[in-house]
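Here are my comments on the model, set out as numbered points. They begin with the way the copies meet and go on to the helix packing and the sheets.

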Number of protein chains: 2
Amino acid sequence: MTRIERVAVVGLGLMGGSLARALAARDVHVLGYDSMPDSLDAAEGEGIVHERLPATLTGIEGADVVVFALPVDATMSALTRVAPLLERTRLIMDVASTKRTIVDTAEKAGLGARYVGAHPLTGSHRSGWRASRATLFDDARVFLCPTRSTSPESLALAEWFWRGLRTGVEVLDAATHDEQMAWRSHLPQVVSTALALVLQHAGIHRSALGPGGRDMTRLAGGSPDLWVSIVEDNGAALDAALHELDEELRRFRAALSAHDRGATTEFFSSGRDWFDGAPLEPLTARAPGA
Amino acid sequence: MTRIERVAVVGLGLMGGSLARALAARDVHVLGYDSMPDSLDAAEGEGIVHERLPATLTGIEGADVVVFALPVDATMSALTRVAPLLERTRLIMDVASTKRTIVDTAEKAGLGARYVGAHPLTGSHRSGWRASRATLFDDARVFLCPTRSTSPESLALAEWFWRGLRTGVEVLDAATHDEQMAWRSHLPQVVSTALALVLQHAGIHRSALGPGGRDMTRLAGGSPDLWVSIVEDNGAALDAALHELDEELRRFRAALSAHDRGATTEFFSSGRDWFDGAPLEPLTARAPGA
């Protein structure tokens with residue numbers, strides 16, 4: 001595998017900033033851009049970004065690998081706009097939380113063969129450059145979603161890139177990824193925020209919660225911009241998951257008002273069984289042809 | 001304040017076991033009972049329980065302070081049954097998560113003047129003696145709920161007892177406590193379990209979740225017995241809280257299906273505002289006459 005010398009990171013928030021830090025720590029030459037001058041100044045000042053890019057991203061042509069680390073909608077508009085500058089880039093990736101429409105957009109922009117959508121299943125309720133850290137990806141799981149035309153070489157390079165950052169890599173069809181994330185990630189996020197709003201209306205501050213309540217509302221601190229773009233992009237699958245939650249809660253409330261102790265016992269016991277359960281088979285599948 | 005020499009702890013699970021450990025570490029003579037002989041053996045073997053009580057609790061008369069550390073319903077039946085042995089006990093308490101029906105039961109059992117309901121706002125999804133630890137109460141908040149006839153001396157002794165365990169103490173009317181806990185504790189628990197069940201039905205194991213999803217489902221690992229007795233005892237208040245959550249989720253789903261980006265932005269932004277918000281005034285009130 002040829003060494004990757006130069007990587008451009010577009011967006012230096014929690015994900016992009018952490019990626020830039022992890023790359024710089026591995027002696028990669030990092031080209032960076034962020035729409036907030038303060039973040040870019042800080043990244044350059046700390047020696048993480050070695051070469052700053054302008055808003056036009058002119059100069060990005062010099063990177064072997066380009067990674068977009070932006071909200072879902074911003075990723076799509078950026079990669080469409082910048083595509084003409086990426087004709088010789090070996091590998092183009094993004095790290096947004098939904099993948100189907102992004103890899104379709106990359107395909108349409110003519111980048112399909114060299115594009116791999118990536119989704120590191122890590123994060124924080126904190127956001128922005130100041131929340132970034134070089135260890136964010138350590139031991140995280142990263143989903144890689146090829147386009148319809150991703151070349152085997154590009155996919156292999158993407159796997160090598162993420163393994164080099166100490167992540168576990170799973171290759172997954174983009175539509176399957178998004179469907180899975182509706183349950184595994186987007187549902188918990190929406191529930192956490194809804195719980196936060198209920199507590200807000202009840203006049204209860206987070207500091208009044210015990211450790212369990214604080215865990216349950218930590219995700220509510222996440223970036224609104226990021227989450228709006230995620231739920232917009234994956235609305236149908238998320239709605240199906242929310243429907244199932246609604247059904248569970250409806251059944252529980254019926255049991256509660258009927259004083260049906262058997263049913264409430266079943267509710268909590270099943271939840272604990274799941275919590276205690278043995279690991280299932282991985283839910284992922286290799287991408288067709290991968 | 002007279003020194004407390006001997007404390008009986010009835011129930012040596014997470015709460016009672018941790019209490020026994022914290023007391024033993026402070027050179028208190030601990031009398032202990034648990035319905036599981038293994039737990040009682042272990043507690044005695046580790047030198048935490050100095051004197052084991054039989055199932056009848058004969059011998060509990062020798063304790064200055066008695067603490068019931070049982071599920072809500074078991075607390076009520078135990079204190080009714082044991083009341084004749086507690087005629088000279090200085091202070092009787094429990095540590096269950098709901099307080100209104102328990103303090104009423106204590107009053108009816110003739111223990112009102114010397115009874116104080118306690119609820120340490122701490123815990124773990126783990127349960128049983130093996131989950132107990134001497135530091136469980138360090139810096140935790142403890143709610144103290146007097147009966148209608150708790151004497152000022154008993155309440156003062158209870159406050160002194162819990163402060164000695166490094167907890168922050170708030171005195172609170174039992175009905176207000178239970179109403180508050182429906183929102184602050186019981187709602188998050190039910191939501192966590194409901195989320196666990198949805199994921200179970202979707203075939204998703206907890207190990208497939210990211211850090212946020214794992215936080216959101218940690219409470220689902222809690223003891224079913226404990227939670228059934230809590231929700232049974234506080235059903236009406238909990239149902240009201242669940243109704244509000246249902247409304248929030250319904251509004252979110254309507255915004256999602258209408259692609260109303262303004263409304264989804266408002267949803268996530270309000271949640272983050274609450275998360276970031278300045279501490280409110282304490283929500284507690286001094287008990288009448290306290």
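1. The model is a predicted one, and the first point concerns how its two copies meet. Of the interface residues of chain A, 99% are also interface residues in chain B, so the copies meet through the same surface. In terms of residue counts, 76 residues of chain A are in contact with 75 residues of chain B.

2. As to which elements build that surface, the side of chain A that touches chain B draws at least two residues from each of α6 (174-201), α7 (211-217), α8 (224-233), α9 (235-257) and α10 (261-276) of chain A. Among these, α6(A) gives the most, with 17 residues. Sorted by class, this side of chain A comprises 37 nonpolar, 26 polar and 13 charged residues.

3. The relation between the copies can be stated in simple terms: a turn of 180° with a shift of 0.0 Å along the axis lays chain A on chain B, with an RMSD of 0.0 Å. The two copies are therefore related as by a two-fold rotation axis.

4. Across the interface, helix α6(A) packs on helix α10 (residues 261-276) of chain B, their axes coming within 9 Å and crossing at roughly 60°. An angle of that value makes α6(A) oblique to α10(B), and the crossing in which α6(A) passes α10(B) is left-handed. On the α6(A) side the contact is made by A:Thr193, A:Ala196, A:Leu197, A:Leu199 and A:Gln200, while α10(B) contributes B:Phe267, B:Phe268, B:Ser270, B:Gly271, B:Trp274 and B:Phe275. This contact of α6(A) with α10(B) has 7 nonpolar and 4 polar residues, and no charged residues.

5. The reciprocal pair deserves to be set out as well, with α10(A) and helix α6 (residues 174-201) of chain B packing at an angle of about 60° and their axes 9 Å apart. The two helices α10(A) and α6(B) are therefore oblique to each other, and α10(A) passes α6(B) in a left-handed crossing. Here α10(A) supplies A:Phe267, A:Phe268, A:Ser270, A:Gly271, A:Trp274 and A:Phe275, and α6(B) supplies B:Thr193, B:Ala196, B:Leu197, B:Leu199 and B:Gln200. By class, the contact of α10(A) with α6(B) is made up of 7 nonpolar and 4 polar residues, with no charged residues.

6. Within chain A, helix α6(A) also packs on α9(A), and the axes of these two helices come within 8 Å and cross at roughly 60°. Helices α6(A) and α9(A) are therefore oblique to each other, and α6(A) passes α9(A) in a right-handed crossing. In this contact A:Asp178, A:Glu179, A:Ala182, A:Trp183, A:His186, A:Leu187, A:Val190 and A:Val191 of α6(A) meet A:Ala237, A:Leu238, A:Ala240, A:Ala241, A:Leu242 and A:Leu245 of α9(A). The residues of the contact of α6(A) with α9(A) comprise 11 nonpolar, 1 polar and 2 charged.

7. Turning to the sheet of chain A, 8 strands are arranged as an open sheet with mixed pairing, in the order β3-β2-β1-β4-β5-β6-β7-β8. Strands β3 (51-52) and β8 (168-171) of chain A are the edge strands, each pairing on one side only. At the β8(A) edge, strand β7 (residues 141-146) of chain A runs parallel to β8(A) and is joined to this strand by 4 bridges. Where β8(A) is concerned, A:Glu170 is the residue that stands opposite A:Phe143.

8. For chain B, the open sheet likewise has 8 strands in the order β3-β2-β1-β4-β5-β6-β7-β8, and its pairing is mixed. Strands β3 (51-52) and β8 (168-171) of chain B stand at the edges with a single partner strand each, so one side of each is left without a neighbour in the sheet. Strand β6 (residues 115-120) of chain B and strand β7 (residues 141-146) of chain B pair in the antiparallel sense, over 5 bridges. In β7(B), B:Val142 is the bridge partner of B:Pro120.

Terms used. Residues are numbered from 1 along each chain as its sequence is written. Chains are lettered from A and ligands numbered from 1 in the order in which they are written. This is a predicted model: local features need pLDDT of at least 70, side-chain atom pairs count only at pLDDT 80 or more; totals for chains, interfaces and linings use all residues. Two residues are in contact if their C-beta atoms, placed from the backbone, lie within 7 Å. Ala, Val, Leu, Ile, Met, Phe, Trp, Tyr, Cys and Pro count as nonpolar, Asp, Glu, Lys and Arg as charged, and the others, Gly among them, as polar. Two strands pair if DSSP finds at least two bridges between them. Copies are superposed by least squares on the C-alpha atoms of residues with pLDDT of at least 70 in both. Axes are lines fitted to C-alpha atoms, for helices over the stretch in contact, and angles run from 0 to 180 degrees between N-to-C directions. Angles under 35 degrees count as roughly parallel, over 145 as roughly antiparallel, 65 to 115 as roughly perpendicular and the rest as oblique. A crossing is left-handed if the near helix is turned anticlockwise from the far one by less than a right angle, and right-handed if clockwise.
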